[in-house]
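Hi,

Here is the structure I said I would pass on. Have a look at it first, and my notes follow below.

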Amino acid sequence: MVDRNYIIQKKLNAWFRNHGRHDLPWRTTFSPYEVLVSEFMLQQTTVATITPRFLIWMELFPTLEMLAQASEEAVLGAWQGLGYYSRARRLHLVAKTVVSNFQGKIPRDLDQLLALPGIGPYTAKALLAFAFDQPVEVLDTNIIRVIARLNNITEPIDTKRGHLLIKESARNILPPKNGRVFASALMDLGSMVCKSGEPLCDACPLSSECEAEEPSCLPLKQPRVAITKKKEQRAFYYRRNKIYLEKSQGPLWKGLWILPHCSSVQKPREIFSSITYPITRYRVTMELYRPSGSIPKSLHPFSILELKNIAIPSPHRKALETCFAK
DNA sequence: CTCCGGATAA
DNA sequence: TTATCCGGAG
């Protein structure tokens, strides 16, 4: 009997040559810096969202050295709207660390990568595979789904046991070399064919090798935490064509410009406007007031034009729009 | 509306 | 181990 892993690698390779996403902008040079930036952006964010933003980023910060030298303002501005802003600060810090500690060369060593901020098990392996072509298991959500179905793993994948099973199975089918193509192929298969929900098994090159009994039910996951409601009051200071914002001290939206919190002392009776937005496990209703008193010293004035060029989280941007619409 | 997704601090 | 961080797509 011919080795199952060998068949899987062969079929996957052939499928990838014909159907893979070879035009993704971070799949042209595979420079470690481009892989680094794309992988940070791809954490928790879709390919469609980051594709144009990746291109703009590379215009702004073409090299690791230029990113390392950039200001925090510029980096957060380039990340504006992508969410999870700690990724931007950590990516910035990685660039500075690599310049000062590794002569500007992103390390090829797993433990050195894991020691860098914002680089966890996934991103470290992704760098080894995509930048350095090493055959390692790259366990993003797409590949985890493919592995779970291929081997009919019915243990929930977000438990320690389940994740370990996935990891062992993924290591089992690794080729001896060409880790970049293998990881890319598995990832594209998961994203384009072995999709969450209803997979396109008729179009799958691995259907003969797949052991899934009910592929649409895999992988199993533990239930999510419930959504709870919250309320917050914020001030819309708009005087002499200037809008007054405060710099968030975090952890939420740290370093970004937000509408200032509105205390009961300065809060007028009338709600000026209100919006509701989801954030992690909350649904927040933001009530907006127009205080009449003096403007706190901690706030910074911006002209309407300037608002476009500073980092403002999406819900606050939306709140500003509804205020201006009145 | 609901679902989806890596790293980290606690 | 568990909760937190965000915005886009369906």
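I'll start in the middle of the protein, with helix α11. Its buried residues are Gly179, Arg180, Phe182, Ala183, Ser184, Ala185, Leu186, Met187, Asp188, Leu189 and Gly190. That makes eleven of the 14 residues in α11, so the helix is mostly covered, going by the cut-off of under 20% relative accessible area for buried. Among the elements that do the covering are α1 (4-19), α8 (121-131) and α9 (141-150). The length of α11 also checks out: for 14 residues, 179-192, at 1.5 Å a residue, you would expect a span of 20 Å, and the end C-alpha atoms are indeed 20 Å apart.

Before going further, keep in mind that this is a predicted model, so please read every distance below as a property of the prediction.

The overall picture

Chain A has 326 residues, of which 48% count as buried. It holds 13 helices and seven strands. Along the principal axes, the C-alpha trace of chain A spans about 80 × 45 × 35 Å. If you take the contacts in chain A between residues at least 6 apart in sequence, 66% of them join residues at least 24 apart.

DNA strand B

Two of the helices that cover α11 turn up again here: α8 and α9 each supply at least two residues of the surface near DNA strand B. Which helix gives the largest share of that surface? It is α8, with three residues.

There are 16 residues around DNA strand B, and the ones that come nearest are Gln44, Gly118, Thr123, Thr141 and Lys221. By class, the surface near this strand divides into five nonpolar, six polar and five charged residues. On the DNA side, 58% of the strand B atoms within 4 Å of the protein belong to sugar or phosphate, and the rest belong to bases.

Three polar contacts are worth pulling up in your viewer:

- Gln44 has a side-chain N or O atom 2.3 Å from a base nitrogen of DNA strand B.
- Thr123 puts a side-chain N or O atom 2.5 Å from a phosphate oxygen of DNA strand B.
- Lys221 does likewise, with a side-chain N or O atom 2.7 Å from a phosphate oxygen of DNA strand B.

DNA strand C

Around DNA strand C there are 18 residues, with Tyr84, Tyr85, Leu252, Thr280 and Arg281 coming nearest. Sugar and phosphate make up 66% of the strand C atoms that come within 4 Å of the protein. The surface near DNA strand C has eleven nonpolar, five polar and two charged residues.

Again, three contacts to look at:

- Tyr84 has a polar side-chain atom 3.2 Å from a base nitrogen of DNA strand C.
- Arg281 has a polar side-chain atom 2.2 Å from a phosphate oxygen of DNA strand C.
- Ser314 uses a polar backbone atom, which is 3.1 Å from a phosphate oxygen of DNA strand C.

Thr45

Next along the sequence from Gln44 is a residue I looked at in some detail. Thr45 sits in the loop between α2 (32-42) and α3 (47-60). Is it buried or exposed, at 14% relative accessibility? Thr45 counts as buried, because 14% falls under the 20% cut-off. Leaving out residues up to four places away in sequence, Thr45 touches Ile50, Leu82 and Arg87. With Arg87 there is a side-chain to side-chain polar contact of 3.0 Å. A polar atom of the Thr45 side chain also lies 3.4 Å from the backbone oxygen of Met41.

Cysteines

How many disulfides does the count come to? Zero. The sulfur of Cys262 has its closest cysteine sulfur in Cys323, 11 Å away, which is too far for a bond because a disulfide needs the two sulfurs within 2.5 Å. Seen from the other end, Cys323 is in no disulfide either, with the sulfur of Cys262 as its nearest at 11 Å. Cys262 counts as buried, at 2% relative accessibility. Cys323 counts as buried too, also at 2%.

That's what I have for now. Shout if anything looks odd on your side.

Cheers

Conventions. Residues are numbered from 1 along each chain as its sequence is written. Chains are lettered from A and ligands numbered from 1 in the order in which they are written. This is a predicted model: local features need pLDDT of at least 70, side-chain atom pairs count only at pLDDT 80 or more; totals for chains, interfaces and linings use all residues. Side-chain values use heavy atoms; hydrogens and water are left out. A residue is near a molecule or strand if one of its heavy atoms lies within 4 Å of it. A polar contact is a pair of N or O atoms within 3.5 Å; within protein, one must be able to donate a hydrogen and the other to accept it, and residues adjacent in sequence count only if both atoms are side-chain atoms. Ala, Val, Leu, Ile, Met, Phe, Trp, Tyr, Cys and Pro count as nonpolar, Asp, Glu, Lys and Arg as charged, and the others, Gly among them, as polar. Helices (H or I, at least four residues) and strands (E, at least two) are DSSP runs, numbered from the N terminus. The expected span of a helix is 1.5 Å times one less than its number of residues. Buried means under 20% relative accessible area, exposed over 50%, partly exposed in between (1.4 Å probe, protein chains only). Contact means heavy atoms within 4.5 Å.
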